[in-house]
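Please look through the structure shown below, following the spaces inside and around the protein. The account moves from the enclosed cavities to the open pocket, the ligand and the aromatic pairs.

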Amino acid sequence: MPDAATVTDRPETSVEPVLQCRGLRKAYGERVAVADVGFAVAPGETYGLLGPNGAGKTTTISMVCGLLRRDAGEVTVAGRPMSPEATDAKAAIGLVPQDVALYEDLSAEENLRFFGRLQGLSGRELAARVAEVLEVVGLADRAGDRVGEYSGGMKRRANIAAGLLHRPRLLVLDEPTVGVDPQSRNAILESVEALAGEGMSVLYTTHYMEEAERLCDRIGIIDEGRLIAEGTRRELVAQLGVGDQVEVTGTGDLAAFAAACAELPGALGAEARDGSVVVRVEQGSTALAPIVAAAERTGVAVGGVEVTEPDLEDVFLALTGKALRD
Amino acid sequence: MVAPTRTDRPTAPPPDPARSPAPAPGAGRAIAALAGNELRRAFRDRTFLFFSLVLPVLIIVLIGTVFGEDQDLPVAVLDADGSAASRAIVEDLDAAEGLQVADVGSESDLRRDVRTGAVAAGVVVPAGFADDLARGEATIELVADPTSSATAAVQATVRAAVGDHAAVVAAARTAAEEGGADEEEAARTAARLAEELPGPGVTVTAVGADDEPERGNFDYTAPSNVVLFTFVNTVMAGALLALDRQRGIVRRLLATPHGTGTILAGIGAAKLSIALAQSALVLAVGALFFDVDWGTPVAYVPLIVLFAMVAAAVGLLVGSLARDPDQAAAVAVPAAIGLGMLGGCMWPLEIVPPVMRAIGHVAPHAWAMDAWRDLVFDHRGLGDIAVELAVLAGFTVVLGLLAARQLRRALTG
Ligand SMILES: Nc1ncnc2c1ncn2[C@@H]1O[C@H](COP(=O)(O)OP(=O)(O)OP(=O)(O)O)[C@@H](O)[C@H]1O
Ligand SMILES: [Mg+2]
């Protein structure tokens, strides 16, 4: 029983993860698309897979959804082992593919009714769910139009709607905002936030750092087929060890001020520049008061203070030596 | 690698038993949904409708008009026996529907007329025919161009005309390539055909004009058109699967709680329905306007259904194998027409060398045409085409399984 194995592996866990995968591997001939990926998504959690083009996000998701046979590794969804034949495990997932996968010759409503039927919905329940998801993605007034006549953003929203019909326990979104205008993009992000707010578990892939930061409770950073870091945004940044940066502009003996800052508890380093001092600290918010006190002690008149936290871009750069986006 | 850690979000709700995965909806309902969806799409596609429903009818009407029973085929007849029996045969040929008989003086004249196309075929009643007939081994020789689609029609008519008098072996010969005419081959053909006829000797079975069905020249072309068109159209329709694959729709279908077998069965059911509608239309037009007698529905319905299933399976296999829709289309049409040629839809397999006939039976068309010949020419029943039906069922199963395996492989790597 795979369920039993899962439970004994993590005896401290009282809540069964919606998705558990480990050791995933997939090679296409010589090219290793996914080398080693494993993570878990807890009920109600939004988990982000953040990585550049070609990192292996879609390949990972395909294995998670039972669309791709894996060379190695395990996937359990809602406690059931996943494979291309595992219909019960697949029933727990709502997949929104990276590229719009709808019948362009049918209306959004016809598409949704069809996919709803495949998910086992029928009759009044089907009609109600179709209306609901059209509302969620803001397409209710265009439901009767052929998908082929939709704009790119509308197609993507309809594409998302088709993944929501059966209220999946795990919603899997593969880069749902690529190539859409800012308005549609915001609408998509808001829908995802709303669904997560209702308690749906979400697996979200993106190469946009801001999306991962905004939506995800936890983020896995993926590069060249490997999960190279994982945690909340704060954990990931902390893992970086570079700390926040506090820049104080002012006049006076900036060198003495910098030296004083470097001695403060929690300080990682300080440097006097032209008209300002840059202090790197473990946490910007708690370091502000001691820094201002040090300025007073060294007779520096403070003009302004700016705190910058490192972002996931910096984390990615530190981990891989390259930028997330080129 | 970071070990999977559980989030400590306090808001994580406990698993809701009401939302644990529902049992997968039944395959039957999924197949119905898939088929309904495909049909909805098909009926919205005017081009597709034209090619699958209107064009075959137009073509059958055109061919029917050209080959229709009003236009008798000219046939040269040489009576080298001059007996009462041979004269009776010639008279019967003369009286037969669809033939316009002209006497010729010598066999060389007859061959020349066939070669030049002055006549569609030549019939030789050899010297000693009456004696042979008495021994039950009588032979009538049919000289015809094997590449002509009229040959089978003539042959069927000749066989029907003489059938009441004798067990006849119509040995077709290639007038066009006389040098290559092989006696042994002809003998084998003759032997095979003889088996199909009621026992040797003069068989007198309920003689009467009513008993002898009319046979227009269209009787050969009509079944061959049903077979050819159903196949070409259905394979093309099935190959459209490559387009849905390219658009990622088939992948999305597989993400629903269903396997590739169910998905293929649903899509295949729609293609099959369209093929059946098409066959039914052509059969109706043939029967109503051109007096084609398709035989008994008990026999031709399973024949049509099984052949359409083979065609759908081939289409889905092409759609699963192809790299993209362009490649699917590029393969589907020539393959379908090539198989039609090989399988005797352009000219009857009875008039090709045995090796080619054997090779031709690689194509499901050959089996379907064999069955149609039994039903339309010889008015046989379900039992007589059981072998052909079984072979077509075998084609369906094997090709369907291949398509399912190929689709699974193409999708899941
Ligand atoms: N069917 C395939 N055949 C061969 N190589 C493949 C195939 N699918 C993916 N790859 C390769 O595997 C690697 C990972 O691809 P994948 O699509 O998973 O990346 P991704 O992270 O989703 O990228 P993107 O952000 O561009 O969508 C890439 O190098 C890609 O070229
Ligand atoms: Mg991708």
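Helices and strands are here taken as DSSP runs, with at least four residues for a helix and at least two for a strand, and they are numbered from the N terminus. The model is a predicted one.

With these elements in hand, the enclosed spaces can be described. The count of cavities of 30 Å³ or more comes to 4. The largest cavity has a volume of about 80 Å³. Which elements each supply at least two residues of its lining? They are β6 (93-96) and α6 (152-164) of chain A, together with α10 (249-255) of chain B. Strand β6(A) gives the most to this lining, with 3 residues. On the side of chain A the lining includes A:Ile93, A:Gly94 and A:Leu95, as well as A:Phe115, A:Gln119, A:Ala162, A:Gly163 and A:His166. From chain B, B:Arg252, B:Ala255 and B:Thr256 also line the largest cavity. By class, this lining divides into 5 nonpolar, 5 polar and 1 charged residues.

One of these lining residues, A:Phe115, also takes part in an aromatic pair. Over all chains, a search of the whole structure finds 8 aromatic pairs. Among them is the pair of A:Tyr103 and A:Phe115, which is stacked, with 6.3 Å from centre to centre and 20 degrees between the planes. A:Tyr103 lies in the loop between β6 and α4 (108-118) of chain A, whereas A:Phe115 belongs to helix α4 of chain A, so the pair ties together parts that are 12 residues apart in sequence.

The second largest cavity has a volume of about 40 Å³. Its lining consists of B:Val226, B:Val227, B:Thr230, B:Ser279, B:Leu303, B:Ile304, B:Phe307, B:Ala308 and B:Trp372. Two or more of these residues come from each of α8 (218-239) and α12 (297-321) of chain B. Helix α12(B) gives the most, with 4 residues. The lining of the second largest cavity has 7 nonpolar and 2 polar residues, and no charged ones.

Turning from cavities to pockets, the largest pocket holds about 690 Å³ of space. It is lined by 28 residues, of which B:Asp45, B:Phe48, B:Ala237, B:Leu240 and B:Leu243 are the closest to its centre. The elements giving two or more residues to this lining are α1 (27-44), α2 (46-67), α8, α9 (241-246), α11 (260-290) and α13 (325-342) of chain B. Helix α8 of chain B thus contributes to the linings of both the second largest cavity and the largest pocket. By class, the pocket lining has 15 nonpolar, 3 polar and 10 charged residues.

The ligand remains to be placed. How many residues surround ligand 1, and which come nearest? There are 13 residues around ligand 1, and A:Gly54, A:Lys57, A:Thr58, A:Thr59 and A:Glu175 come nearest. Several polar contacts can be followed in the model. An oxygen atom of ligand 1 lies 2.5 Å from a side-chain N or O atom of A:Glu175. A backbone N or O atom of A:Lys57 is 2.8 Å from an oxygen atom of the ligand, and a polar side-chain atom of A:Asn53 is 3.0 Å from a ligand oxygen atom. Taken alone, ligand 1 exposes 630 Å², and the protein buries 65% of that. Two or more residues of the shell come from each of β2 (31-41) and α2 (57-64) of chain A, and α2(A) gives the most, with 3 residues. The shell around ligand 1 comprises 4 nonpolar, 6 polar and 3 charged residues.

Methods. Residues are numbered from 1 along each chain as its sequence is written. Chains are lettered from A and ligands numbered from 1 in the order in which they are written. This is a predicted model: local features need pLDDT of at least 70, side-chain atom pairs count only at pLDDT 80 or more; totals for chains, interfaces and linings use all residues. Side-chain values use heavy atoms; hydrogens and water are left out. A residue is near a molecule or strand if one of its heavy atoms lies within 4 Å of it. A polar contact is a pair of N or O atoms within 3.5 Å; within protein, one must be able to donate a hydrogen and the other to accept it, and residues adjacent in sequence count only if both atoms are side-chain atoms. Accessible areas come from the Shrake-Rupley method with a 1.4 Å probe; for residues, only the protein chains shown count as cover. Ala, Val, Leu, Ile, Met, Phe, Trp, Tyr, Cys and Pro count as nonpolar, Asp, Glu, Lys and Arg as charged, and the others, Gly among them, as polar. On a 1 Å grid over the protein atoms alone, a cavity is a set of points where a 1.4 Å probe fits but cannot get out, and a pocket is an open set with protein on both sides within 12 Å along at least five of seven lines; lining residues have an atom within 4 Å of a point. Grid points are joined across faces, edges and corners, and a volume is the space filled by probe spheres set on the points. Rings of Phe, Tyr and Trp (its six-membered ring) pair if their centres lie within 6.5 Å; planes under 30 degrees apart count as stacked, over 60 as edge-to-face and the rest as tilted.
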